Amino acid sequence: MRAQSSAIAPSRIAVDAPQQPAFGVLQAALGVTAFSLTFPATAWGLEGFGPWSLVAVRAVLAALIAAGCLLALRIPLPARAHWPGLAVVAAGVVVGFPLLTTLALQTSTTAHAAVVVGLLPLTTALFSALRVGNRPSRTFWLAALAGAAAVAAFTVQQSGGALGAADLYLFGALLVCAAGYTEGGRLARVMPGWQVVGWALVLCLPLAVAASAVALSYEPVEFTAHSVAGLLWVAAGSQVLGLVVWYRGMAAIGIPKASQLQLAQPLLTLVWSVLLLGEHLTVAAPLTAAAVLVCIAVTQRARG
């Protein structure tokens with residue numbers, strides 16, 4: 001593959017940003033739906049894999065899918081100036097978030113872990129303001145804070161209000177994921193979002209292969225329907241498909257507004273937890289869902 005020139009042609013700049021805002025919202029929403037299955041799928045995966053093995057093998061599988069697509073389409077290497085940003089995406093989204101949340105889910109329920117996901121939109125919007133200079137309106141911030149508060153209150157109530165040692169992992173995951181989302185959204189404005197994801201995954205492939213070899217030699221593996229399905233989803237669904245449509249959506253409608261769609265992610269995760277893991281949901285769910293939908297509508301209308 002030949003290196004891509006650092007000067008990007010004008011025709012390439014908007015290649016991944018559809019003109020219709022509604023289409024961008026749809027893609028971001030599809031990404032959120034894919035991400036909402038990550039915690040239940042991880043819980044399934046942990047039934048047969050150790051945490052380090054699960055994270056390493058999912059990274060290898062996702063990177064192989066990405067490398068195959070990049071090679072098949074003969075995509076040139078990104079410009080040298082883009083590699084630092086891709087490294088941030090790789091560290092935050094490919095390695096950091098999956099590893100920290102998987103370690104947390106060994107002792108935490110999916111409902112408890114969803115507290116962090118509920119706070120992720122605000123953190124992403126803050127990182128975006130610091131990194132790319134976005135300045136959302138006061139209405140946007142008030143609606144975002146209200147939505148985050150509603151999600152946090154609901155998910156804390158679901159977990160009984162208890163905070164355990166897993167919170168250190170979860171808060172760390174919150175920070176690294178917000179950084180990765182912000183950098184990925186910035187890069188998706190100048191190169192196709194699926195290529196941002198693809199090159200970040202390929203960048204991690206050597207480390208993931210080495211980590212898989214070590215982890216699998218220490219952690220026992222049991223292949224069950226749940227563990228295999230969970231592994232395949234977190235690798236192909238969350239790590240590849242979800243990130244591709246998510247970054248495309250961020251490029252189309254902007255990082256702050258796209259990030260607020262994630263306010264619905266904890267509630268979707270709780271629904272999947274009921275259907276797939278048999279967890280119990282309280283009557284507060286529909287009330288919280290309604291409040292979150294109102295907040296999302298306000299943030300989508302607020303001018304940044």
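This report describes the helices, a surface patch, a salt bridge and the aromatic pairs of a predicted model.

## Overall architecture

The chain is built from 13 helices and has zero strands, so that reading along the sequence gives the pattern α-α-α-α-α-α-α-α-α-α-α-α-α. Of its 304 residues, 53% count as buried, and the surface that the chain exposes comes to about 13,200 Å², with carbon and sulfur atoms supplying 71% of that area.

Contacts in the chain can also be sorted by how far apart the two residues stand in the sequence. Among the contacts with a separation of 6 or more, 93% are accounted for by residues that are 24 or more positions apart.

## Helix 10 and its kink

Helix 10, which covers residues 225-253, has a kink of about 35 degrees, and this kink is centred on G242. A second glycine, G254, follows helix 10, and the phi angle of G254 is positive, near 100 degrees.

## A nonpolar patch on the surface

Five residues, namely L216, V221, F223, V228 and L232, make a nonpolar surface patch of about 440 Å². One member of this patch, F223, lies in the loop between helix 9 (193-218) and helix 10. With a relative accessible area of 64%, F223 is classed as exposed, because the cut-off for that class is over 50%.

## The salt bridge in helix 8

The structure holds one salt bridge, and it is formed where the side chains of E183 and R186 meet, at 2.6 Å from N to O. Both residues belong to helix 8 (residues 166-187), where they are three residues apart, or about one turn of the helix.

Are the two partners buried or exposed, or does each fall in a class of its own? E183 has a relative accessible area of 6% and is therefore buried, since a residue counts as buried when this value is under 20%. R186, at 26% relative accessibility, counts as partly exposed.

## Aromatic pairs

A pair of aromatic rings is described by the distance of the centres and the angle of the planes. In this model the count comes to seven aromatic pairs. One of them is formed by F49 and F223, which are arranged edge-to-face, with 5.9 Å from centre to centre and 85 degrees between the planes. F49 lies in the loop between helix 3 (38-45) and helix 4 (51-72), while F223 lies in the loop between helix 9 and helix 10, so this pair ties together parts that are 174 residues apart in sequence. F49 is buried, with a relative accessible area of 7%, whereas F223, at 64% relative accessibility, counts as exposed.

Another pair is formed by Y181 and W246, whose rings are tilted, with 5.5 Å from centre to centre and 55 degrees between the planes. Because Y181 lies in helix 8 and W246 in helix 10, the pair ties together parts that are 65 residues apart in sequence. Y181 counts as buried at 4% relative accessibility, and W246 is also buried, with a relative accessible area of 0%. Together with F35, the residues Y181 and W246 form one aromatic cluster.

Methods:
Residues are numbered from 1 along each chain as its sequence is written. This is a predicted model: local features need pLDDT of at least 70, side-chain atom pairs count only at pLDDT 80 or more; totals for chains, interfaces and linings use all residues. Side-chain values use heavy atoms; hydrogens and water are left out. The bend at a residue is the angle between axes fitted to the seven residues ending there and the seven starting there. Helices (H or I, at least four residues) and strands (E, at least two) are DSSP runs, numbered from the N terminus. Patches are made of residues with over 30% relative accessible area and no salt bridge: like charges are joined within 9 Å, nonpolar side chains (Val, Leu, Ile, Met, Phe, Trp, Tyr) within 5 Å. Accessible areas come from the Shrake-Rupley method with a 1.4 Å probe; for residues, only the protein chains shown count as cover. A salt bridge is a side-chain nitrogen of Lys or Arg within 4 Å of a carboxyl oxygen of Asp or Glu. Buried means under 20% relative accessible area, exposed over 50%, partly exposed in between (1.4 Å probe, protein chains only). Contact means heavy atoms within 4.5 Å. Rings of Phe, Tyr and Trp (its six-membered ring) pair if their centres lie within 6.5 Å; planes under 30 degrees apart count as stacked, over 60 as edge-to-face and the rest as tilted.
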